[in-house]
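Let's take a walk through a protein model, one region at a time. Keep the 3D view open and turn it as you read.

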Amino acid sequence: MCTLEKRGNIFLLTLTGDDEHRLNPTLIASIRSALAEVKSQATEGSVLITSGQGKFFSNGFDLRYAQAAGSVQGAKDRLMNMVQIFKPLVADLISLPMPTIAAITGHAAAAGLMLALSHDYITMRSDKGVLYMSELDIGMTLPDYFNAIFRSKIGLPSARRALLLRASKVRAEEAAGMGIIDSVHSNGMETLEAAVRLGEDLSKKKWEGKVYAEIRKSLYPELCGILGLKDEKVLPSRL
């Protein structure tokens with residue numbers, strides 16, 4: 001599950017517990033509910049920070065939940081359902097009317113890495129945790145919106161190749177060199193503290209959330225097209 005805490009203009013969304021924060025229908029619904037609450041309370045200067053407790057930021061889709069269907073076809077159906085219902089969560093983040101920061105305080109794999117990349121900024125710890133796309137290792141192609149996230153958010157072809165065509169497990173320093181994350185920190189606490197400092201700096205700008213969201217969407221036309229997000233023009237209230 002997840003919890004939501006508000007400190008001034010900063011919303012702290014935390015994936016709770018010491019498990020792998022696998023993305024199943026229950027957790028996806030919980031995160032979407034929290035994001036809806038964040039959006040309803042947004043004001044100028046609001047910022048979202050997402051982090052996870054324990055050893056994992058998120059280890060991707062819940063394959064045990066899929067396998068619990070009891071048949072091969074049932075497992076495939078459950079997995080495809082998770083792919084489908086995770087897509088609106090990505091859309092929620094891309095259209096959220098405020099800056100967003102992912103504090104990767106543990107492993108971020110597959111859909112868990114997609115969750116992190118759906119934020120504007122990423123801080124990451126160096127002592128533990130890797131970025132990893134497991135699809136090549138488990139024999140699964142990527143959903144169209146996963147590919148669009150990669151093309152939109154990771155500029156270096158060599159970085160995309162390492163993650164997708166070598167299934168490399170990328171640690172923080174290497175991820176920073178690849179341009180995947182924004183900053184590297186010694187441990188989980190410092191990673192979250194760095195995210196909060198960045199959030200406080202961004203909050204001081206007091207940007208209008210609607211404008212921020214529309215400019216963000218304009219940066220990722222392919223991704224937004226797949227997510228079904230439409231552009232809206234926003235003009236200053238006073239000229």
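What follows covers the ground rules, then strands, cores, a cavity and a few single residues.

## Ground rules

This is a predicted model, where local features need pLDDT of at least 70, side-chain atom pairs count only at pLDDT 80 or more, and totals for chains, interfaces and linings use all residues. Residues are numbered from 1 along each chain as its sequence is written, and side-chain values use heavy atoms, with hydrogens and water left out.

Helices (H or I, at least four residues) and strands (E, at least two) are DSSP runs, numbered from the N terminus. Two strands pair if DSSP finds at least two bridges between them.

## Strands: a hairpin and a sheet

Let's begin with the hairpin. Strand β1 (residues 2-7) and strand β2 (residues 10-15) run antiparallel and are joined by six bridges. One of the pairs puts Cys-2 opposite Leu-15 in β2, its bridge partner. Two residues sit between the strands of this hairpin, and Gly-8 in the turn has a positive phi of about 65°.

Now for the sheet. In what order do the three strands of the open sheet come? The order is β4-β6-β8, and the pairing is parallel. β4 (56-58) and β8 (131-132) are the edge strands, each pairing on one side only. Two bridges link β6 (residues 107-109) with β8 in the parallel sense; Ala-109 has Tyr-132 of β8 as its bridge partner.

## The nonpolar cores

A nonpolar core is a set of buried Ala, Val, Leu, Ile, Met, Phe, Trp, Tyr and Cys residues joined through side-chain atoms within 4.5 Å. Buried means under 20% relative accessible area, exposed means over 50%, and partly exposed is in between (1.4 Å probe, protein chains only). The largest core here has 59 residues, and Phe-61, Phe-86, Leu-131 and Ile-180 have the most contacts inside it. Which helix gives the most to this core? That's α3 (residues 72-94), with nine residues. Apart from this core lies another one of nine residues, including Ile-10, Ala-195, Val-196 and Leu-202.

Take a closer look at Phe-61. Contact means heavy atoms within 4.5 Å. Not counting residues up to four places away in sequence, Phe-61 touches Arg-22, Leu-23, Leu-79, Met-82, Val-83, Phe-86, Ala-111, Tyr-145 and Phe-146. Tyr-145 and Phe-146 are also among the buried residues of helix α6 (residues 144-153), along with Ala-148, Ile-149, Phe-150 and Lys-153. The cover over the buried residues of α6 includes α3, α4 (111-117), α5 (135-138), α7 (157-164) and α11 (221-227).

## The cavity and Gly-45

On a 1 Å grid over the protein atoms alone, a cavity is a set of points where a 1.4 Å probe fits but cannot get out, and lining residues have an atom within 4 Å of a point. Grid points are joined across faces, edges and corners, and a volume is the space filled by probe spheres set on the points. The structure has one cavity of 30 Å³ or more, and the largest has a volume of about 60 Å³. Its lining includes Thr-43, Gly-45, Pro-97, Leu-202, Trp-207 and Tyr-212. The lining splits into seven nonpolar, four polar and one charged. Here Ala, Val, Leu, Ile, Met, Phe, Trp, Tyr, Cys and Pro count as nonpolar, Asp, Glu, Lys and Arg as charged, and the others, Gly among them, as polar.

Gly-45 sits in the loop between α1 (25-41) and β3 (47-52). Leaving aside neighbours within four places in sequence, Gly-45 is in contact with Asn-9, Ser-203, Lys-206 and Trp-207. Gly-45 counts as buried because its relative accessible area is 4%. Its C-alpha atom is 8.8 Å from that of Glu-200, 155 residues apart along the chain.

## Loop residues to find

Is Lys-206 buried, exposed or partly exposed? Lys-206 counts as partly exposed, because its relative accessibility is 43%. You'll find Lys-206 in the loop between α9 (188-203) and α10 (209-219), with a positive phi of about 55° although it is not a glycine. His-21 isn't a glycine either, and has a positive phi of about 50°. His-21 lies in the loop between β2 and α1 and counts as buried, at 2% relative accessibility.

Notes: 1 Å grid on protein atoms, 1.4 Å probe; cavity = no way out; pocket = protein on both sides within 12 Å on 5 of 7 lines; lining within 4 Å.
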